[in-house]
2 protein chains.
Amino acid sequence: MTHKELLLQHSAWMTETDSPVVISSRVRLARNLEDFPFPHVLGEEGAGQVEKIVSQVLMSIAGDIGQLDYISLTELNSVEQQVLIEKHLISPSLGGSTGARGVALAPDHRYAVMVNEEDHVRIQVLLPGNQLLETHRLATELDDALEAKLDFAYRETQGYLTACPTNVGTGLRASVMVHLPALVIMKQVQQVLGTLTRLGLAVRGLYGEGSQAFGHMFQVSNQITLGKSEEDILTHLDAVTGQIVEHELQARELLKVQMPMFLEDKVWRARGTLQNSRLLSSEDAMHLLSHDRLGTDLGLLPKIKDCFASLIVDTRSGCLQYILDRELDPSQRDEERARLVRARTTLA
Amino acid sequence: MTHKELLLQHSAWMTETDSPVVISSRVRLARNLEDFPFPHVLGEEGAGQVEKIVSQVLMSIAGDIGQLDYISLTELNSVEQQVLIEKHLISPSLGGSTGARGVALAPDHRYAVMVNEEDHVRIQVLLPGNQLLETHRLATELDDALEAKLDFAYRETQGYLTACPTNVGTGLRASVMVHLPALVIMKQVQQVLGTLTRLGLAVRGLYGEGSQAFGHMFQVSNQITLGKSEEDILTHLDAVTGQIVEHELQARELLKVQMPMFLEDKVWRARGTLQNSRLLSSEDAMHLLSHDRLGTDLGLLPKIKDCFASLIVDTRSGCLQYILDRELDPSQRDEERARLVRARTTLA
C-alpha cells in the first residue's frame, strides 16, 4: 500500500456503532528503550538509531495484530502530516517537530504507533464506540509483541519510565470521545464536565480546544498514570463515561419532551444548510454536522450516506486538500467543503 | 361570493410578472362627498349615511370595471380585518377605527375602494409589476364611474378637497413596491433611497416599517398632491422607479461578478432553510423568501411552486390564521408558518 492509499483508508474508529454518545475509545501506552536517552535529549544520530530499531520491529509484527506499515514523517509533506493529525493517528507535536520520527499504522488505523514523539514508542489503539476494555486488550497485545523484541525501560518501583513524569508508571492514557450536543444546547455541559478534573480526569475538545468544543465533541481522559493499576484507571474512566452518557441521554429526552419543535427545527435547519450551502467554514460544518447527527440519533432525520466522524474529519482543511489532491486557499476550502458535504449528506 | 371566498381570492398584484424588481404598482385617489363633513367630524349617523350612499353606488358599478362586492368592516372579526390589511386592501387605520366603514373589492382585488377612512372615498387600484400608467388609467375609470353618480367635493382653485391638507388637489397618491435585496446586501439601499425625500417622494417598508424593511421590499410614493398635474406626478415617480430598478440590477450584477460564491451560498441556504425549518418567525420568513426570490430571479435557484408575494403575505399572522381557519398563539404560528412554507416552496 502506498502512503497515499494508507492515509486514505477508512479509519476503524470512524465507523458508526450502536453507541449514540461515545464516538470512540482510545488507549495509549508510553514506552522507552532502555539503552537510549529520552527523545528530547537523544540527538540526531540517536533518533535515527531508535527509529531504525523500533520501525523494523514494528514492521515485523504479524499474527493477530496483522501487518503494520511504517511511515517516516520526513517523507511526508505538511498536508500529509496534517491528515494524520486530523485523523488522530499522530499528535500535533509529532507533526510539528523535526528529525527521525514516524508512525506505524494498521490498514484500518486501529493501531498507530508513534516513534520518537515525547517517548521513543507510543502505542495507540483507537476503536469506534464505547469499548475501552477491548481497546486496552489490543494495546496490551501489541505492547507484549513489541516487548518481546525491544528492551523497554521499566523499574519495579516506578513502572515504565517516561520522558515526562506525568506518564511514569503504567504509561497509560485512556480516553473516550463523547458527542454531547444536547448538554451543549441545554447549557449543562460545563456543569457535567466541570467536575471531572476533581476526579483526576481531563477534558479537551476534539482538536484540543476548550469547553466550546467544535462539533460538541469532547475527549475525556485519565490524568494519573502512577499509583493506580491499569484496571483501576480503565474501570474509573469507564464508570465516568457511563455517567456522562446518562446525562447526555437525559438532556436529549428533556429536549424531546420540553421543546420538541425547537429541537426538530434545529436539526432540520442543520440538515437543510448542510445540503444547500455553497460556502462552509470548518467550524460551521462541525456545528451543523453535530446537530444533524443528533437529529439522526433521535430518529428525527432520515439517515445520510456518510457517517458523522468521517464527515467531521474529512471536512478539516488537511483532509479536504488531501482528498481533492490540491492546495486550496481558505475561500476555496469553504467552497470545496460545502461541495463535499452536499455530496455526502444525500440520503442513505 | 362569501366574504371568506372573496378574502381568499388570489390578489392580482401578487402575480409574478417579467419585472424582477417592481412587485406592484398602486394608485389611490382621495374623494369626499360634497354634502357631508369629513369622516373625522362626521358622527355616527352621518357615517352610516355616507356608507349607505357610497356602498350602493359601488355595488351598482358594472361594465369594464366589473362587479364590486362591498364588505362592511363591522361584519368582520379582527383576523379578517388583519387579512385585508396584510393584502394591502385596506389601511391599518381603517381596520383600527370603529363605526360605519368598509371596502368594495373586485374579485381579483385590483380595485379596493375604502369608505369612511380618512376621506369618504378612497379609490385604490393595485396591479402587479411596473405599470403605474395602467394602474392610474383604471383608477381614473373607476373615479369617473363614481363621479357620475356621486357629488365629489371639488373646487376650481384647489381641486379635490380632502380631510388632510396633504392630499388636497389631485388627491392622488401613487406608489410602487420595489424588491431591493441586492442593494440591501451591498449596503447601498440607504444611499439610493435616502435622496428620494428631497425629490418629494416618501419611502416606507412593505408593512410601514422603516429602512430595514422586512423582505427587502420598499414602497416609494409621491408626497405632493397639489400644484402638480396627475401626469407629472406619475411621470416623475415612474422615472425615479426606473432609476431605482437600474441601481438594484447593477447591484445584482456586481454581486454576481464580485462575489458569486457568497451570493450562491446565501440564496441556497435561504432555500434550504425555507424547505427544512420547523419553526419560522414572520421576519425570518420574509428575509429568507427575499433571498430565495433573488436567487430565482438570477437563475441560481430552480423555480418554486408558489410566487414570492403570495408567500410573503400568506405567512403574515392574520393570513396564516385565516387560511388555517383557527386562532394560533405565536409559537403555533411559527410552526404552521414553517409548515406552509415547506409545502409551498417545493419545486415548480
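How does the radius of gyration of chain A, with its 348 residues, sit against that of a compact globule? It agrees: such a globule would come out near 20 Å, and chain A has 21 Å. Keep in mind that this is a predicted model. Here's a quick tour of chain A, with a stop at the cysteines.

**Fold and packing**
- Chain A is built with 13 helices and 10 strands.
- Lay chain A along its principal axes and its C-alpha atoms fill a box of roughly 65 × 45 × 35 Å.
- Burial covers 56% of the 348 residues in chain A.
- Take the contacts in chain A between residues at least 6 apart in sequence: 72% of these join residues at least 24 apart.

**Surface and charge**
- About 14,300 Å² of chain A is exposed, and carbon and sulfur atoms supply 51% of that area.
- On the charge side, chain A carries 33 positive and 46 negative side chains.
- The centres of those two charge sets lie 7 Å apart.

**Cysteines**
- If you're hunting for disulfides, the count over all chains is zero.
- A disulfide is a covalent bond between the sulfur atoms of two cysteines.
- For A:Cys307, the closest cysteine sulfur belongs to A:Cys319, and at 13 Å that's too far for a bond, given that a disulfide needs the sulfurs within 2.5 Å.
- A:Cys307 counts as buried because its relative accessibility is 12%, which is under the 20% cut-off.
- Over in chain B, B:Cys164 has 24% relative accessibility, so this cysteine counts as partly exposed.

Methods. Residues numbered from 1 in each chain as written. Chains lettered and ligands numbered in written order. Predicted model: local features only at pLDDT ≥ 70, side-chain atom pairs only at ≥ 80, totals over all residues. Heavy atoms only, no water. Helix = DSSP H or I, 4+ residues; strand = E, 2+ residues; numbered from the N terminus. Rg over C-alpha atoms; globule rule 2.2 N^0.38 Å. Buried < 20%, exposed > 50% of the residue type's maximum accessible area, 1.4 Å probe, protein only. Contact = heavy atoms within 4.5 Å. Areas by Shrake-Rupley, 256 points an atom, 1.4 Å probe, with all protein chains shown as cover. Lys, Arg positive; Asp, Glu negative; His and termini not counted. Charge placed at Lys NZ, Arg CZ, Asp CG, Glu CD.
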